[in-house]
Amino acid sequence: MSPAPDGAGPAAGRDRDATRLARWTRARLAVVLPPVVVGVVGLAAWEGYVRANHIQPYLLPAPSEIWTQFRHSFRVIVQTSRATGANAVVGLAVGLVAGLLAAVVAARSKIADGLLGPLAAAMNAVPIIALAPLFNTMFSTTSAVPRRLVVAIVVFFPVFVNTVRGLRQVPDVQRELMRSLAVGPWRFARTVQLPGAVPYIFTGFRLASSLAVIAAVVSEYFGGRQNGLGSRITSAASNTAYPRAWAFVAAACVLGLVVYLVAGLLEWLATPWRRGGRSLTL
């Protein structure tokens with residue numbers, strides 16, 4: 001057998017890498033391109049509808065007018081987005097930790113589950129518009145604590161429910177094995193239940209990430225510090241500056257999308273076994 005030509009091995013490796021890169025690029029475009037196209041078409045239809053029907057800005061401003069206000073108020077939008085984002089992230093972290101701890105306790109004890117389940121459902125049923133004014137009264141109106149507490153309460157339910165469900169998915173064979181090895185309940189939860197529940201935990205985390213931004217924005221409608229997106233939306237609307245109000249709404253949408261994408265990235269990093277053929281090694 002004749003030896004392979006010089007450079008054939010490295011060339012073949014480069015071809016394989018190029019093929020992987022092209023496959024990865026096509027997969028990413030298949031995910032990203034459709035929503036981008038739909039968004040562009042929707043904005044164009046929105047603009048055309050407003051212009052064609054001469055709709056007044058106080059009813060529905062055109063996307064071009066919103067974009068103009070977005071550019072003019074960009075510095076304020078960045079500052080208020082930081083304040084709202086901080087409230088959302090801190091509340092999300094508190095709610096996440098509380099939901100995880102409560103889920104572990106509920107999964108280990110039927111009595112605790114009977115107490116925490118209805119409590120979580122009741123907390124989820126309380127509307128934000130009722131919690132925010134109460135917390136503003138209980139705490140100082142110059143403090144961010146009321147808004148972060150609202151976010152934590154809203155986040156708690158999806159994290160708790162999904163985590164409890166994941167913790168209960170342990171096969172009976174693994175339970176019997178851990179019992180035969182005299183493994184304690186907390187070690188069993190740490191080494192078997194929690195690793196198996198990771199996909200469920202991140203499902204709750206992704207749901208909670210969007211709810212956190214919504215709760216942070218809405219909680220800012222009801223007094224307190226006027227440094228967030230919610231307070232700017234109400235202020236602009238009360239002054240009939242509706243395109244500017246919509247610009248702050250658009251900023252809230254972008255903030256929610258960013259938090260959701262970060263949650264998805266953390267899930268992708270924490271669950272490498274779920275990537276399958278989508279991972280790429282260059």
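The fold, two helix pairs and several individual residues of a predicted model are described below.

In the predicted model, the protein contains eleven helices and zero strands. Read from one end of the sequence to the other, the order of elements is α-α-α-α-α-α-α-α-α-α-α. The protein has 282 residues, and 33% of them count as buried. When contacts between residues at least 6 apart in sequence are considered, 72% of these join residues at least 24 apart.

An unreviewed UniProt entry lists residues 29-49, 88-107, 114-135, 147-167, 197-218 and 245-270 under "transmembrane region". Two of these annotated spans were compared with the model. Residues 147-167 are 100% helix and 0% strand, and the C-alpha atoms at the two ends of this span lie 30 Å apart. For residues 197-218, the helix content is 95% and the strand content 0%, with the end C-alpha atoms 31 Å apart.

The packing of helix 3 (residues 74-108) against helix 6 (residues 145-167) was examined next. The two helices pack at an angle of about 35°, and their axes are 6 Å apart. The crossing of helix 3 and helix 6 is right-handed. Sorted by class, the residues in this contact comprise 21 nonpolar, five polar and two charged.

A second pair is formed by helix 10 (residues 229-238) and helix 11 (residues 242-270), whose axes lie 7 Å apart at an angle of about 160°. Because angles over 145 degrees count as roughly antiparallel, helix 10 and helix 11 are assigned to that class. Their crossing is left-handed. Helix 10 contributes Leu229, Arg232, Ile233, Ala236 and Ala237 to the contact, while helix 11 contributes Tyr242, Arg244, Ala245, Phe248, Val249, Ala251, Ala252 and Leu255. By class, eleven of the residues in the contact between helix 10 and helix 11 are nonpolar, none is polar and two are charged.

The loop between helix 10 and helix 11 includes Thr240. The phi angle of Thr240 is about 60°, a positive value although the residue is not a glycine. Most residues other than glycine have a negative phi. Thr240 has a relative accessible area of 54% and is therefore classed as exposed, the cut-off for this class being over 50%.

A positive phi also occurs at His54, again a residue other than glycine, where the angle is near 55°. His54 is located in the loop that connects helix 1 (8-53) with helix 2 (63-72). The relative accessibility of His54 is 65%, so His54 counts as exposed.

Val259, in contrast to these loop residues, is part of helix 11. The relative accessible area of Val259 is 14%, and Val259 is therefore buried, given that the class is defined as under 20%. With residues up to four places away in sequence left out, Val259 touches Leu92, Ser209 and Val213. The C-alpha atom of Val259 is separated by 9.9 Å from that of Ala208, and these two residues are 51 residues apart along the chain.

Definitions and conventions. Residues are numbered from 1 along each chain as its sequence is written. This is a predicted model: local features need pLDDT of at least 70, side-chain atom pairs count only at pLDDT 80 or more; totals for chains, interfaces and linings use all residues. Side-chain values use heavy atoms; hydrogens and water are left out. Axes are lines fitted to C-alpha atoms, for helices over the stretch in contact, and angles run from 0 to 180 degrees between N-to-C directions. Helices (H or I, at least four residues) and strands (E, at least two) are DSSP runs, numbered from the N terminus. Angles under 35 degrees count as roughly parallel, over 145 as roughly antiparallel, 65 to 115 as roughly perpendicular and the rest as oblique. A crossing is left-handed if the near helix is turned anticlockwise from the far one by less than a right angle, and right-handed if clockwise. Contact means heavy atoms within 4.5 Å. Ala, Val, Leu, Ile, Met, Phe, Trp, Tyr, Cys and Pro count as nonpolar, Asp, Glu, Lys and Arg as charged, and the others, Gly among them, as polar. UniProt positions are given in the numbering used here, feature names are shortened, and annotations may be inferred rather than shown by experiment. Buried means under 20% relative accessible area, exposed over 50%, partly exposed in between (1.4 Å probe, protein chains only).
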